[in-house]
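Subject: Structure handover and findings

Dear colleague,

Please find below the structure for your review. My notes on it follow.

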Amino acid sequence: LLNQQIKLGARSGAPACIALIDLDHFKAVNDTHGHGVGDEVLRNFAQAVKAGLRDTDVIARWGGEEFLVLLNDTQTGAAAIGLERLREHLQKTLLVERLPELRPTFSAGLTDYALSEPLHACIERADRALYAAKHGGRDRPVAVDGRVSGHQHQENGQPAAVA
């Protein structure tokens, strides 16, 4: 599906971004409340994210508590603003009705997709940005720009944070 969507975007020349989203401290949800609640959190999280995306965007479970989001027809700056709005919205969203105190947060790694690069390179760059978000304190998106020799960094050598 991802390859198909990328090819469709390539025909129009529209920019696209890829985000990897990971629920923070998800193991604690399973350990404290059980795997049934964990599964409910994952399902409701995916539905809440999908509701916050545009119809042209695509979300898919990537593995465990990770999700991959393809943001079509957008550049990194606008996508980062969208992810931050989504993060703020999810802070107010009830994911498990019987556990209103359960408010999982997420970290995200975001990058633009260059039509000339292999898809796996873009995903790896988003994954590195995700790790930077986690190491930076979690509950935040971090964006890296892949258009300038692989990455565009701030002067301190760290990926540009969007939080």
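Arg 54 is partly exposed, its relative accessible area being 38%. In this predicted model, its side chain meets that of Asp 57 in a salt bridge, with 2.7 Å from N to O. Asp 57 is buried, because its relative accessibility of 10% falls under the 20% limit. The pair therefore joins a partly exposed residue to a buried one.

Asp 57 also takes part in the largest pocket, where it belongs to the residues closest to the centre, together with Gly 52, Leu 71, Gly 82 and Leu 83. The volume of this pocket is about 250 Å³, and 13 residues line it. Helix H4, which spans residues 76–91, supplies the largest share of that lining, with seven residues. Sorted by class, the lining holds seven nonpolar, three polar and three charged residues.

Salt bridges

The model has eight salt bridges in total. Besides the one between Asp 57 and Arg 54, two further pairs deserve a description.

Asp 31 and Lys 27 form a salt bridge in which the closest N and O atoms are 2.6 Å apart. Both residues belong to helix H2 (residues 26–33), where a spacing of four residues places them about one turn of the helix apart. Are these two partners buried or exposed? Asp 31 has a relative accessible area of 53% and Lys 27 one of 58%; both values are over 50%, so both residues count as exposed.

Glu 84 and Arg 87 make a salt bridge as well, with an N to O distance of 2.6 Å. They lie three residues apart in helix H4, which is about one turn. Here both partners are buried. Elsewhere, salt bridges with shared partners connect Asp 22, Asp 24 and Lys 134 into one network.

Arg 87 and the second largest cavity

For Arg 87, the relative accessible area is 12%, and this residue is therefore buried. Which residues does Arg 87 contact, once neighbours within four places in sequence are left aside? They are Phe 106, Asp 139, Arg 140 and Pro 141.

Arg 87 also lines the second largest cavity, as do Leu 90, Gln 91, Pro 104, Thr 105, Phe 106 and Asp 139. This cavity has a volume of about 30 Å³. H4 makes the greatest contribution to its lining, with three residues. The lining consists of three nonpolar, two polar and two charged residues.

Nonpolar cores

In soluble globular proteins, nonpolar side chains tend to be buried together. In this model the largest nonpolar core has 30 residues, and those with the most contacts inside it are Ile 21, Val 41, Phe 45, Leu 71, Phe 106 and Leu 110. Two or more residues each come from strand S1 (16–23), H2, helix H3 (35–52), strand S3 (66–72), H4 and strand S4 (106–113). H3 gives the most, with six residues.

Phe 106 links several of the topics above. Not counting residues up to four places away in sequence, its contacts include Ile 21, Phe 45, Leu 83, Leu 86 and Leu 90, and also Asp 22, Asp 24, Arg 87 and Asp 139. Apart from the largest core lies another, of 14 residues, including Leu 2, Ala 16, Tyr 113 and Ala 126.

Gly 38

Gly 38 is found in helix H3. With 0% relative accessibility, Gly 38 counts as buried. Neighbours within four places aside, Gly 38 is in contact with Phe 26, Val 29 and Asn 30. The C-alpha atoms of Gly 38 and Phe 26 are separated by 7.7 Å, although the two residues are twelve residues apart along the chain.

The largest cavity

How many cavities of 30 Å³ or more does the model contain? The count is two. The largest cavity holds about 40 Å³ of space. Ten residues line it, and Ile 6, Ala 14, Ala 16, Tyr 113 and Leu 115 lie nearest its centre. Ala 16 and Tyr 113 are also among the members of the 14-residue core. Helix H1 (residues 2–12) provides the largest share of this lining, four residues. By class, the lining has seven nonpolar, three polar and no charged residues.

Yours sincerely

Conventions. Residues are numbered from 1 along each chain as its sequence is written. This is a predicted model: local features need pLDDT of at least 70, side-chain atom pairs count only at pLDDT 80 or more; totals for chains, interfaces and linings use all residues. Side-chain values use heavy atoms; hydrogens and water are left out. On a 1 Å grid over the protein atoms alone, a cavity is a set of points where a 1.4 Å probe fits but cannot get out, and a pocket is an open set with protein on both sides within 12 Å along at least five of seven lines; lining residues have an atom within 4 Å of a point. Grid points are joined across faces, edges and corners, and a volume is the space filled by probe spheres set on the points. Ala, Val, Leu, Ile, Met, Phe, Trp, Tyr, Cys and Pro count as nonpolar, Asp, Glu, Lys and Arg as charged, and the others, Gly among them, as polar. A salt bridge is a side-chain nitrogen of Lys or Arg within 4 Å of a carboxyl oxygen of Asp or Glu. Buried means under 20% relative accessible area, exposed over 50%, partly exposed in between (1.4 Å probe, protein chains only). Contact means heavy atoms within 4.5 Å. A nonpolar core is a set of buried Ala, Val, Leu, Ile, Met, Phe, Trp, Tyr and Cys residues joined through side-chain atoms within 4.5 Å.
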